[in-house]
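Here is a set of exercises to work through with a structure open beside you. Try each task by yourself before you read its solution.

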Amino acid sequence: MRGIKILGTGVYTPETKVTNDDLSQFMDTNNEWIESRTGIRSRNYSASVPNHEMAAMAAKAAAEDAGVAPEELDLIIASTCSPEFFYPCMSGLVQNIIGAVNAAVMDINTACTGFISAVDIASRYLEDGDYKKILVVASERLSPHVDFEDRSASILFGDGAAAAVIEKSHKPMYSYLSAKGDPFEALYCYVNKEHNCPYTKENEALNAIMDTEAKKNYLQMDGKGVYKFAVDAMATAVTKTLAKAGLTTDDIDLVIPHQANIRIIQSATKALGINPEKVYVNIYEHANTSSACIPTCLDDLKKEGRLKEGMKICLVGFGAGLTSGAIVFEQ
Ligand code: COA
């Protein structure tokens with residue numbers, strides 16, 4: 001039977017805090033619109049720290065919080081949909097920076113569902129018994145991927161990194177992962193690259209999709225389509241995972257959802273009949289940091305002393321892909 005225990009958490013929040021009023025200085029928007037439609041008041045951007053360094057700082061903080069020396073880590077799983085390098089993988093760069101010399105590494109990308117996918121993979125390695133201590137780190141530097149001429153998408157995202165060190169627990173854990181293939185309509189970001197290979201031609205099929213500079217260079221989103229998907233995906237993932245666990249929403253002490261939009265969280269919470277007091281939200285100051293959202297919430301809760309032994313916790317995420325998933329575990 002799979003089970004996980006969170007030994008420690010850590011975050012890295014980039015230095016540049018940008019409020020809604022700051023955005024309204026160069027964009028046709030205002031605080032009232034953004035806060036009432038999304039819950040977001042501010043976000044942080046990493047002006048100069050690369051994504052893998054953000055990840056490494058969160059990872060180091062998590063290992064310290066766990067009381068685990070970097071050499072004791074057996075595996076690092078990094079989640080990012082905004083890597084700065086095709087290779088080496090971000091987890092390899094983190095391994096090197098923090099000195100986790102004995103750790104194997106791998107990256108995964110299921111966009112905002114990334115932390116859920118990574119913990120699900122980690123739990124299976126822990127169950128197998130080969131790896132005892134696993135670091136899961138999620139780090140996203142989305143600000144360079146966002147089109148600041150697109151006021152409906154750009155206001156939603158922030159940069160951030162967060163990590164957790166986990167080990168096997170004998171208390172059961174259940175998970176559910178899903179994907180609804182939707183390549184180029186709801187949410188995508190193309191990797192635009194120059195090349196000088198004389199044999200490789202412009203790809204007409206891609207050109208037909210990426211027919212403007214914005215589509216070639218920046219995150220593209222159908223806000224309403226994603227919103228609809230997200231409410232349903234969050235409710236479905238929680239329902240399916242609870243069914244596997246033989247639990248109801250009343251048995252859950254804490255729900256930590258992906259922080260995309262306060263209204264998505266509220267609608268899904270209502271559909272599920274969950275007491276809103278059990279649902280943790282920190283979107284106000286962080287915005288959507290993709291796969292870093294859920295571990296950032298975990299770190300907040302751990303620092304506030306609210307992650308208690310024996311609690312039944314539900315993590316639930318959704319994102320580009322369109323992916324979604326949930327995990328129910330007892331801390
Ligand atoms: N400031 C002011 N006005 C804005 C604005 C902004 N930042 N962005 C859009 N508007 C305007 C629109 O132009 C539109 O004006 P119009 O009626 O004159 O055409 C109006 O506000 C309503 O736009 P609409 O797109 O209908 O808003 P919405 O209520 O659907 O909210 C989102 C837009 C993007 C906030 C919402 O759809 C959303 O959160 N979707 C989910 C996106 C998401 O979570 N993505 C990540 C998933 S991991």
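The exercises below look at a helix face, a nonpolar core, a buried side chain and some aromatic rings in this predicted model.

**Exercise 1. A helix with two sides**

Find which residues of helix α4 are buried, work out how they are arranged around the axis, and identify what covers them.

*Solution.*
- Step 1: Start with the helix itself, residues 90-98; its buried residues are M90, S91, V94, Q95 and I98.
- Step 2: Recall the geometry: an α-helix has 3.6 residues a turn, so residues three or four places apart point the same way.
- Step 3: Now look down the axis of α4. The buried residues fall within an arc of 145°, so they line one face of the helix.
- Step 4: Ask what lies over these residues. The cover includes helix α3 (51-66) together with strands β4 (75-79), β5 (104-108) and β6 (134-140).
- Step 5: Finish just past the helix, where α4 is followed by G99, with a positive phi near 75°.

**Exercise 2. The largest nonpolar core**

Determine which residues touch the most other members of the largest nonpolar core, and which elements and domains supply this core.

*Solution.*
- Step 1: The core has 45 residues, and V255, V316 and F318 are those that touch the most other members.
- Step 2: Sort the members by element. Two or more residues come from each of α9 (223-245), α10 (262-272), β12 (312-319) and β13 (323-330). The biggest contribution is that of α9, which gives 10 residues.
- Step 3: Sort them again by domain. At least three residues come from each of domain 1 (4-170) and domain 2 (174-182 + 220-330).
- Step 4: Zoom in on F318. Beyond its neighbours within four places in sequence, its contacts include C112, T113, F229, A233, H258 and I264.
- Step 5: Keep this core apart from a second, separate one of 31 residues, which includes A118, L254, I294 and L315.

**Exercise 3. A polar side chain inside**

Is Q259 buried or exposed, and which backbone atoms does its side chain reach?

*Solution.*
- Step 1: Locate Q259 in the loop between β11 (254-257) and α10.
- Step 2: Check its accessibility. The relative accessible area is 0%, and the cut-off for buried is under 20%, so Q259 is buried.
- Step 3: Look for polar partners. A polar atom of the Q259 side chain lies 2.7 Å from the backbone oxygen of P257. The side chain also reaches the backbone nitrogen of N282, at 2.9 Å.
- Step 4: Add the surroundings. Leaving aside neighbours within four places in sequence, residues in contact with Q259 include I265, Y280, V281, N282, C293 and C297.

**Exercise 4. Rings that meet**

How many aromatic pairs does the structure hold, and what is the geometry of the pair formed by F26 and F148?

*Solution.*
- Step 1: Count the pairs: the structure holds three.
- Step 2: Take F26 and F148. Their ring centres are 6.2 Å apart with 50° between the planes, and the pair is tilted.
- Step 3: Place both rings in the chain. F26 sits in the loop between α1 (20-23) and α2 (31-38), F148 in the loop between β6 and α6 (151-154), and 122 residues separate them.
- Step 4: Compare their accessibility. F26 counts as exposed at 52%, while F148 counts as partly exposed at 26%.
- Step 5: Turn to Y125 and Y131, another tilted pair, at 5.2 Å centre to centre and 50° between the planes. Y125 is partly exposed, at 29% relative accessibility.
- Step 6: Complete the picture with Y45, which forms one aromatic cluster with F26 and F148.

Technical notes
Residues numbered from 1 in each chain as written. Predicted model: local features only at pLDDT ≥ 70, side-chain atom pairs only at ≥ 80, totals over all residues. Heavy atoms only, no water. Buried < 20%, exposed > 50% of the residue type's maximum accessible area, 1.4 Å probe, protein only. Helix = DSSP H or I, 4+ residues; strand = E, 2+ residues; numbered from the N terminus. Arc of directions from axis to C-beta. Contact = heavy atoms within 4.5 Å. Core = buried A, V, L, I, M, F, W, Y, C linked by side-chain atoms within 4.5 Å. Domains from an automatic or database assignment. Polar contact = N/O pair within 3.5 Å; in protein donor to acceptor, adjacent residues only side chain to side chain. Phe/Tyr/Trp six-rings, centres within 6.5 Å; stacked < 30°, edge-to-face > 60°.
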